[in-house]
Amino acid sequence: MDDVQQLSDLARARGLRIAVAESLTSGTLAGTIGDGHQASEWFAGAVVAYMVAAKERVLGLVPGTDPCSAACAEQLARGARDLFDVDIAVSTTGVGGPDPEGGHPAGTVFLGWATRTSAGHRRLDIDGDPDQVLAATVDAAVRMLMFHAAEL
């Protein structure tokens, strides 16, 4: 059984609502999750915010926060949680490559998560071309959602 199917089964069994906020993955994570079985029952939605100003306006990113940081990832996840009023939200941000950006090497990725009672992040350092960084980030974000869904 694939990870999205497991997430779908877990979310439906527990009555959980899930959302995502994406920068690095540009909607790929939402598309992946939206393919889950009966996603309309548990996947509330997603925000794709690439520009820093959009992250600030829509998701509440504090101005001046490094867009490739743990703080940014956590703020984006909290913003999605609050915007969609969900049990769990996950965010993606970082540098897909192929070149460094903002002093961060390509493949520097931060995933954020937020539940109704806590929030956190995970840093990933992914080797590969931009497509490989994107795929690994989406996979890790789905696994993060499953982990936190199982904990609730």
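Start by selecting T93: in this predicted model, T93 is buried, at a relative accessible area of 1%. Colour its surroundings and you will see that T93 belongs to strand β3, residues 88-94. Now show the side chain of T93 and look towards P67, whose backbone oxygen sits 2.5 Å from a polar atom of that side chain. Leaving aside residues up to four places away in sequence, T93 also touches a set of residues including S23, L24, K55, S69, C72, A73 and L76, along with T108, V109 and F110.

Next, zoom out to the sheet. Five strands make an open sheet in the order β2-β1-β3-β4-β5, and the pairing is mixed. At the edges, pairing on one side only, are β2 (43-48) and β5 (119-125). Neighbouring strands here are turned against each other by 15° on average, direction ignored.

Select β1 (residues 18-22) together with β3: the two pair in the parallel sense over 5 bridges. One spot to click is I18, which has I88 in β3 as its bridge partner.

Now add the helices. Helix α4 (residues 70-84) lies across β1, β2, β3, β4 (108-115) and β5, and runs at about 35° to β4. Helix α5 (residues 130-151) lies across β1, β3, β4 and β5, at about 25° to β4.

For the last stop, how many aromatic pairs are there? The count is 1. Select W42 and F43 to find this tilted pair, 6.3 Å centre to centre with 45° between the planes. Are these residues buried or exposed? W42 is buried, with a relative accessible area of 1%, and F43 is buried as well, at 15%.

Methods: Residues numbered from 1 in each chain as written. Predicted model: local features only at pLDDT ≥ 70, side-chain atom pairs only at ≥ 80, totals over all residues. Heavy atoms only, no water. Helix = DSSP H or I, 4+ residues; strand = E, 2+ residues; numbered from the N terminus. Buried < 20%, exposed > 50% of the residue type's maximum accessible area, 1.4 Å probe, protein only. Polar contact = N/O pair within 3.5 Å; in protein donor to acceptor, adjacent residues only side chain to side chain. Contact = heavy atoms within 4.5 Å. Phe/Tyr/Trp six-rings, centres within 6.5 Å; stacked < 30°, edge-to-face > 60°. Pairing = 2+ DSSP bridges. Axes fitted to C-alpha atoms, helices over the stretch in contact; angles between N-to-C directions.
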